Every structure is written in C-alpha cells, then in structure tokens.
Amino acid sequence: YQNGFSYVAIIAFLVGALPSLPGFLVSVHQLDATHVPAGLVSLFDYAWFIGFALAFVIYLVLRKLAPKL
C-alpha cells in the first residue's frame, strides 16, 4: 500500500479481469468469434468464478513475494 494505492491489488484485479475480455467483446459484437480462440469465448461464461480465483491467487502470491508493494 503506497500513496493510497495497493499495487498488488491493482495487478490482481487486472489479471482477474483480462482473460474474460475477449469473450466479452465477442458477446457485445465488437469482435468476430472466428478471430478469438473458442476457449477464450467460452471462458466468458464463467468469468465471475475464473476472475475471482485468478485475482485471489495472484493477490496472495504477490503479497507473499512483495509485502511492501
């Protein structure tokens, strides 16, 4: 926690949110589904669970590795 921000939390948030982005863009018709791997498109169906799990694990790991960040 520095200058009002937890950089570990910001990194964990981004890592948790980014894998769902391609599936989201396909669902709102901003990307053609043929240009995105099918696994990333179907990942969007489980975005809450996968995003939370990724962010949780990344946050714990980064807190252990860099407790002052």
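**Close-up views of a predicted model**

F56 has a relative accessible area of 45%, so this residue is partly exposed. Keep that in mind, since F56 comes back in the second view. Everything here comes from a predicted model.

**View 1. Helix α1 has a buried face.** Helix α1 covers residues 7-17, and V8, A12 and G16 are buried in it. Looking down the axis of α1, you'd find its buried residues within an arc of 65°, so they line one face of the helix. Why would residues spaced like this end up on one side? An α-helix has 3.6 residues a turn, so residues three or four places apart point the same way. And what covers the buried residues of α1? The cover includes α4, residues 47-65.

**View 2. F52 and F56 make a stacked pair.** Both of these residues sit in helix α4, 4 residues apart, which is about one turn of the helix. Their ring centres are 6.0 Å apart and their planes meet at 20°; planes under 30 degrees apart count as stacked, so this pair is stacked. Are the two residues buried or exposed? F52 has a relative accessibility of 61%, so it counts as exposed, while F56, at 45%, is partly exposed.

**View 3. F24 and F44 make a tilted pair.** The model has 2 aromatic pairs in its count, and here is the one formed by F24 and F44: the ring centres lie 6.0 Å apart with the planes at 55°, so the pair is tilted. Where do the partners come from? F24 belongs to helix α2 (residues 21-27), and F44 to the loop between α3 (38-43) and α4, so the pair ties together parts that are 20 residues apart in sequence. F24 is partly exposed, with 38% relative accessibility. F44 is partly exposed too, at 29%.

**View 4. The largest pocket is lined by residues from α1 and α4, among others.** Its volume is about 170 Å³. Which residues line this pocket? They are A12, F13, G16, A17, S20, A47, W48, G51, F52 and A55. You've met some of these already: A12 and G16 are buried residues of α1, and F52 is part of the stacked pair. The elements that give two or more residues to the lining are α1 and α4, and α4 supplies the largest share, with 5 residues. How does the lining divide by residue type? It has 7 nonpolar residues, 3 polar ones and no charged ones.

Terms used. Residues numbered from 1 in each chain as written. Predicted model: local features only at pLDDT ≥ 70, side-chain atom pairs only at ≥ 80, totals over all residues. Heavy atoms only, no water. Buried < 20%, exposed > 50% of the residue type's maximum accessible area, 1.4 Å probe, protein only. Arc of directions from axis to C-beta. Contact = heavy atoms within 4.5 Å. Phe/Tyr/Trp six-rings, centres within 6.5 Å; stacked < 30°, edge-to-face > 60°. 1 Å grid on protein atoms, 1.4 Å probe; cavity = no way out; pocket = protein on both sides within 12 Å on 5 of 7 lines; lining within 4 Å. Points joined across faces, edges and corners; volume = space filled by probe spheres on them. Nonpolar A, V, L, I, M, F, W, Y, C, P; charged D, E, K, R; others polar.
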